[in-house]
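Here are a few friendly notes to read alongside the model. Take them in order, and keep the structure open as you go.

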Amino acid sequence: MDTEEIVKIAKALSDQNRVEIIKLLSEEELCACHILDQMQIAQSTLSHHMKQLTDSKLVIVTKKGRWSYYRINTQTVNDFKEFLDTYKNTSKINKCNINCD
């Protein structure tokens with residue numbers, strides 16, 4: 001996963017509404033209309049959030065007729081988790097010669 005992809009994901013997850021959408025989608029694939037019902041936000045606001053989530057590749061959209069269905073992109077989520085896991089045990093103490101007090 002390159003730096004640009006990581007930044008896009010971090011930006012996508014920096015909004016409370018988008019995190020709530022991710023939570024909803026973690027349970028099942030949902031039509032945009034069902035997300036709207038759960039979130040109680042305007043359609044234009046949902047479109048903005050879904051663009052951020054799909055651009056970051058956290059969410060996959062499938063068109064069925066005139067409806068859009070959204071689901072979590074498990075590959076991207078797993079890749080991002082793997083990236084984060086590489087840093088969970090890197091709490092090394094920086095030993096410098098300068099008095100940092």
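1. Let us begin with one acidic residue. D55 is partly exposed, because its relative accessibility is 40%, which falls between the 20% limit for buried and the 50% limit for exposed. Please keep in mind that this is a predicted model.

2. What does D55 form a salt bridge with? The partner is K51, and the closest N and O atoms of the two are 2.8 Å apart. K51 is partly exposed as well, with a relative accessible area of 48%. Both residues sit in helix α4, and because they are four residues apart there, about one helical turn separates them. As general background, side chains of opposite charge can pair when their charged atoms come close.

3. Helix α2 offers another pair to look at. The side chains of K23 and E20 meet in a salt bridge, with an N to O distance of 3.7 Å. These two are three residues apart in the helix, so K23 and E20 are separated by about one helical turn. K23 has a relative accessible area of 48% and is partly exposed. E20 counts as partly exposed too, at 32% relative accessibility.

4. Now for a pair that reaches across the chain. The side chains of E29 and K64 meet in a salt bridge at 3.5 Å, N to O. This pair links distant parts of the chain, 35 residues apart: E29 belongs to the loop between α2 and β1 (30-31), while K64 belongs to strand β2, residues 59-64. E29 is partly exposed at 32% relative accessibility, and K64 is partly exposed with a relative accessible area of 42%.

5. How many salt bridges does the structure hold? There are five. Some of them share partners, and in this way E29, K64 and R71 are joined into one network.

6. R71 is also worth finding for another reason. Its C-alpha atom is separated from that of L25 by 5.7 Å, although the two residues are 46 apart along the chain. L25 lies in helix α2. Is L25 buried or exposed? It is buried, because its relative accessible area is 3% and the limit for buried is under 20%.

7. L25 leads us to the interior. The largest nonpolar core has 20 residues, and those with the most contacts inside it are I21, L25, I35, M50, L53 and V59. The elements that give two or more residues to this core are α1, α2 (16-25), α3 (32-39), α4 (43-55) and β3 (67-72). Which of them gives the most? It is α2, with four residues. So as you look at α2, you can find both the salt bridge between K23 and E20 and the buried L25.

8. Finally, have a look at the charged surface. D2, E4, E5, D79 and E82 form a negative surface patch. The elements that give two or more residues to the patch are α1 (3-12) and α5 (74-85). D2 itself lies in the segment before α1. At 42% relative accessibility, D2 counts as partly exposed. That value is over the 30% that a patch residue needs, so D2 can be part of the patch.

Conventions. Residues are numbered from 1 along each chain as its sequence is written. This is a predicted model: local features need pLDDT of at least 70, side-chain atom pairs count only at pLDDT 80 or more; totals for chains, interfaces and linings use all residues. Side-chain values use heavy atoms; hydrogens and water are left out. Patches are made of residues with over 30% relative accessible area and no salt bridge: like charges are joined within 9 Å, nonpolar side chains (Val, Leu, Ile, Met, Phe, Trp, Tyr) within 5 Å. Accessible areas come from the Shrake-Rupley method with a 1.4 Å probe; for residues, only the protein chains shown count as cover. A salt bridge is a side-chain nitrogen of Lys or Arg within 4 Å of a carboxyl oxygen of Asp or Glu. Lys and Arg count as positive and Asp and Glu as negative; His and the chain ends are not counted. The place of a charge is taken as NZ of Lys, CZ of Arg, CG of Asp or CD of Glu. Buried means under 20% relative accessible area, exposed over 50%, partly exposed in between (1.4 Å probe, protein chains only). A nonpolar core is a set of buried Ala, Val, Leu, Ile, Met, Phe, Trp, Tyr and Cys residues joined through side-chain atoms within 4.5 Å.
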